[in-house]
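Welcome! Have the sequence and the 3D view open side by side, and let us walk through them together.

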Amino acid sequence: MPIIIDAHADLAYNMLKYGRDYSRSAAETRLLEVGSPTVADNEDCTIGWPDYQRGQTAVVFSTLFALPARWRTSQNKLQSYKTFDQAHEIYRQQLMTYHRMTDSEPDKFRLVASSRDLDLILDHWNSPTESGHPVGMVVLMEGAECIRTLSELDEWYELGVRLIGPAWVGTRYCGGWKEPGPLTKDGRELLSGMADHNFVLDLSHMDEQAAVEALDMYRGPIVGTHGNCLSLMPNSNSNRHFSDRIIEGIIERDGVVGVVPYNAYLKSGWTVDKNQRSEVPLSYVADHIDHICQIAGDALHAGIGSDFDGGFGLQSVPPEIDTIADLQKLVSLLGARGYSETDIANIFSGNWLARLKRDLPSS
Ligand SMILES: [Zn+2]
């Protein structure tokens, strides 16, 4: 089984908002949450350390994310913000949650902030063990309104943040999902400051206009951790997907695009209330991976960014998937389309690894 790097999971958000404990398996978490508001809000859990082990998920881009209060839809008011100060407090709390979790259970989770950290994790996964392997966590900031002034970039970097996506919906920095627009003056300054630290820029959730400007002006590395192909989502009318122009831009910068196995991002108009899971087979995920590879002319720029438990769960993923471990079923789907073992290993982890090895500090 090839190793997987999953470029997107809102672990801390789930831990602090719903009390999820990711040292448990998804199956255990589901049992504990039967009939709870968490399931009504975020559906059934699909990730957990035992599932990461079964599916060979060695590294997860673990997010810092809070909901702008104006977009809150559930009764649960936790982990949402109205002011930049509140955003700062929540994001900081989430980052400290990762520090505590990796300090207290280093056999299960470890922070990855340097290429040395990354090598140690990979060495562990490549050596036989009976007790399992630690999952490496690369910290990704999703939505940047917690950065109140540019001078705070130093501290976020010191504490281990390595990737930043300036948008979720629109932010003070740029247009985003559901709230389109360009980079703002603050946004252009943020990008200059980020480049000084070699932060990886995540174009996910950025509006097309802002993303085009960022591709033009950002001096550091660029990726899209979790987003699908707009051209395979006809009539979706959402700026949440990447246009071919943005995918081409990421490829030109030698970046990677992580495909999201979320039914609503795989079939236009699919909703959990009206549609069946069976309408969106896992082969749709292979279609999006293939589209990126066709644009690139190779298998060196597609990856996985599951976003599992990020606002959806078991009820909204392809029917072949029960937990993240089932992403391994993509091996045969890609193989059947002519992808070699090496191609598949690159898509599953090699492409993200190559990017991380270049972008993380050595120690
Ligand atoms: Zn997201």
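The largest pocket has a volume of about 970 Å³. Of the 37 residues that line it, Trp177, Tyr262, Gly310, Gly311 and Phe312 lie closest to its centre. Please keep in mind as you explore that this is a predicted model. The bullets below start with the pocket and then move on to the metal site, the core, the cavities and two single residues.

**The largest pocket**

- Two elements, helix H1 (11–18) and helix H3 (37–42), give two or more residues each to the lining of the largest pocket.
- Sorted by class, the lining of the largest pocket has 15 nonpolar, 14 polar and eight charged residues.

**The zinc site**

- Which residues hold the zinc ion? Its protein donors are Glu142, through OE, together with His205 and His226, each through NE2.
- These donors lie 2.0 to 2.2 Å from the zinc ion.
- If you want to find the donor residues in the sequence, look for the spacing E-x62-H-x20-H.
- The two histidines link distant parts of the chain and are 21 residues apart.
- Histidine 205 is in the loop between strand S10 (200–202) and helix H9 (208–217), while histidine 226 is in the loop between strand S11 (222–223) and helix H10 (244–252).
- Are these two histidines buried or exposed? Both histidine 205 and histidine 226 are buried.

**The nonpolar core**

- The largest nonpolar core contains 116 residues.
- Within this core, the residues that touch the most other members are Phe61, Ile147, Leu203, Met206 and Leu330.
- Try selecting phenylalanine 61: leaving aside residues up to four places away in sequence, it touches Ile5, Asp6, Ala7, His8, Ala9, Val138, Leu140, Leu163, Thr225, Trp352 and Leu356.

**The cavities**

- How many cavities of 30 Å³ or more are there? The count comes to two.
- The largest cavity holds about 40 Å³ of space.
- Its lining is made up of Tyr157, Arg162, Leu163, Asn198, Phe199, Val200, Leu356, Asp359 and Leu360.
- Strand S7 (161–165) and helix H13 (341–359) each supply at least two residues of that lining.
- By class, the lining of the largest cavity has six nonpolar, one polar and two charged residues.
- The second largest cavity has a volume of about 30 Å³, and it is lined by Ala66, Pro68, Tyr81, Tyr91, Gly143, Trp168, Val169, Gly170 and Thr171.
- In the lining of the second largest cavity there are six nonpolar, three polar and no charged residues.

**Two residues to look up**

- Tryptophan 125 is found in helix H6 (residues 115–125).
- Why does tryptophan 125 count as buried? Its relative accessibility is 6%, and the cut-off for buried is under 20%.
- Leaving aside residues up to four places away in sequence, tryptophan 125 touches Ile3, Tyr52, Gln53, Gln56, Thr57, Ala58, His133, Pro134 and Val135.
- The C-alpha atoms of tryptophan 125 and arginine 162 are separated by 22 Å, and the two residues are 37 residues apart along the chain.
- Alanine 354 is found in helix H13.
- Alanine 354 has a relative accessible area of 35%, so it is partly exposed: this class lies between buried, under 20%, and exposed, over 50%.
- Between the C-alpha atoms of alanine 354 and glycine 305 there are 16 Å, with the two residues 49 residues apart along the chain.

Methods:
Residues numbered from 1 in each chain as written. Predicted model: local features only at pLDDT ≥ 70, side-chain atom pairs only at ≥ 80, totals over all residues. Heavy atoms only, no water. Core = buried A, V, L, I, M, F, W, Y, C linked by side-chain atoms within 4.5 Å. Buried < 20%, exposed > 50% of the residue type's maximum accessible area, 1.4 Å probe, protein only. Contact = heavy atoms within 4.5 Å. 1 Å grid on protein atoms, 1.4 Å probe; cavity = no way out; pocket = protein on both sides within 12 Å on 5 of 7 lines; lining within 4 Å. Points joined across faces, edges and corners; volume = space filled by probe spheres on them. Helix = DSSP H or I, 4+ residues; strand = E, 2+ residues; numbered from the N terminus. Nonpolar A, V, L, I, M, F, W, Y, C, P; charged D, E, K, R; others polar. Donors = N, O, S within 2.8 Å, 3.2 Å for Na, K, Ca; no water.
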